[in-house]
Amino acid sequence: MTAVSRGLITTLVTGGLVVALTACSSSEAPAGEEGATAAAASGPLKVGAILPHTAYAGAGEALVSAVDVAVEEINAAGGVNGSKIEAKQVDSTDNNDTAVQAVDSLVTWGADVVIGAYGSGMSGAIVGKVTESGAVQVSGSNTSSSLTGINPLYFRTAPTDALEAAKLADLVVQDGHATAAIIAQNDAWGQAFQKSMVESFEAAGVEVVAQQQFNTTDTDYSAQIDAVVAAKPESVVLLSYASYSGSMIESLIGTHGFTDKNVYLSNSTLGKYTIKPSLLKGLRGFLAGPDPAVEADFEKKLLAKNPNLKSFAYAGSTYDAVVVSALAAIAAKSNDGKAIAATMAEVSGGAEGSTKCTTFKECAGLLAAGKKADYDGLSGGLKFASNNDVTETAYNLYVYDDKGAYAVAK
């Protein structure tokens with residue numbers, strides 16, 4: 001994930017990143033034995049979430065609401081393994097140390113599944129503590145390729161940045177540009193995205209004439225902007241959270257003559273800004289998510305939870321993270337984190353002869369009837385690879401209007 005104002009609560013916390021869960025007391029029982037799975041499934045599935053509630057300019061708030069909506073819909077459809085889900089949300093803020101402490105509370109609570117964290121760097125900081133507890137961690141917003149294969153109990157329903165980088169490179173080529181510059185934030189997410197972006201540009205025949213990084217503690221980005229301007233690129237891609245990008249956009253477009261025709265945004269750069277809307281008008285970037293009609297219906301549900309939401313990035317994939325985890329628990333007949341991890345691929349398209357389904361209720365019905373379910377969620381198909389990354393996803397191109405809001409391009 002990324003932090004976007006997109007790209008973004010019951011008691012769970014949304015935000016930065018990090019989620020921790022503890023397995024049930026029966027976690028030592030082998031998932032394949034009927035007696036053991038029955039014991040592991042006794043009691044409610046405990047779903048914890050570690051998300052930013054207030055940080056990242058509110059980008060995580062929609063994810064918090066998405067967890068609430070998913071839990072409510074699952075419980076309304078009968079719950080998991082005979083019991084309603086119990087949920088606990090904690091605020092990760094944007095600080096890794098705070099997130100680690102928040103994970104402790106989820107582990108102590110006994111989380112079986114941890115949703116989050118919001119940011120890739122934060123997930124990297126907490127994944128060890130979450131998974132050592134026996135919980136499975138599933139993020140709907142982590143996109144950094146640096147997390148690929150990091151732990152057998154770590155999954156994500158958001159596509160990696162490598163997939164998005166290829167989409168951005170294609171867009172730059174379609175717009176007729178032969179050279180590009182990249183400005184990326186200097187953290188795990190930004191570094192991995194930058195590497196994928198360079199590789200995608202090279203594969204597309206676009207020469208990268210400048211690469212600049214900034215630290216997330218910086219407040220002045222003039223040196224990076226000056227270096228990019230001096231390289232005279234035909235296009236510029238910003239791989240940065242929206243909370244850092246406002247002054248860069250002001251400088252590139254307002255001062256140095258770049259336009260919406262040659263400045264491109266990453267998923268996390270899409271967000272709410274306080275700069276003049278005229279500087280944002282026409283700027284574009286990709287977000288993974290459902291088609292506009294499905295998105296609109298889902299956003300109504302989120303707004304019913306929090307009417308102040310302004311960004312919805314990664315909300316759909318976070319909802320999917322909760323649903324696919326619940327379906328995996330049903331397929332495993334166990335609430336144990338390791339057992340859930342073993343069936344995540346099965347319920348997302350990895351089982352031969354499975355039937356596609358698009359809601360928890362529909363998929364759970366298939367499983368109850370002894371059939372195989374292939375959950376295609378709000379973020380499209382999932383189908384986890386052996387490294388627990390999704391291999392299917394749907395992207396929409398978003399564009400800013402003259403009021404500073406972004407929506408799917410028509």
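**Notebook: aromatic pairs**

I began with the aromatic cluster, which is formed by Tyr56, Tyr118, Trp189, Phe193, Phe214, Tyr221, Tyr241 and Tyr244. I note here that I am working from a predicted model, whose protein chain has a mean pLDDT of 89, with 90% of the residues reaching 70 or more. I treat residues 1-39 with caution, since pLDDT stays under 50 there, although the model has 232 contacts beyond four places in sequence for that stretch.

I then searched the whole structure for aromatic pairs and found 13. One of them joins Phe155 and Phe384 in an edge-to-face arrangement, with 5.2 Å from centre to centre and 80° between the planes. I looked up where the two rings sit: Phe155 belongs to strand β5 (residues 154-156), while Phe384 is in the loop between β13 (380-381) and β14 (395-400), so this pair ties together parts that are 229 residues apart in sequence. I checked the accessibility of both partners, and Phe155 counts as buried because its relative accessibility is 2%, while Phe384 is buried with a relative accessible area of 7%.

I turned next to Phe214 and Tyr244, which also form an edge-to-face aromatic pair, at 5.7 Å centre to centre and with 70° between the planes. Phe214 lies in strand β7 (residues 207-214) and Tyr244 in helix α8 (residues 242-255), so the parts tied together by this pair are 30 residues apart in sequence. For Phe214 I read a relative accessibility of 1%, which means that Phe214 counts as buried. Tyr244 has a relative accessible area of 18%, and I enter Tyr244 as buried because the cut-off is under 20%.

Conventions. Residues numbered from 1 in each chain as written. Predicted model: local features only at pLDDT ≥ 70, side-chain atom pairs only at ≥ 80, totals over all residues. Heavy atoms only, no water. pLDDT = per-residue confidence, 0-100. Contact = heavy atoms within 4.5 Å. Phe/Tyr/Trp six-rings, centres within 6.5 Å; stacked < 30°, edge-to-face > 60°. Helix = DSSP H or I, 4+ residues; strand = E, 2+ residues; numbered from the N terminus. Buried < 20%, exposed > 50% of the residue type's maximum accessible area, 1.4 Å probe, protein only.
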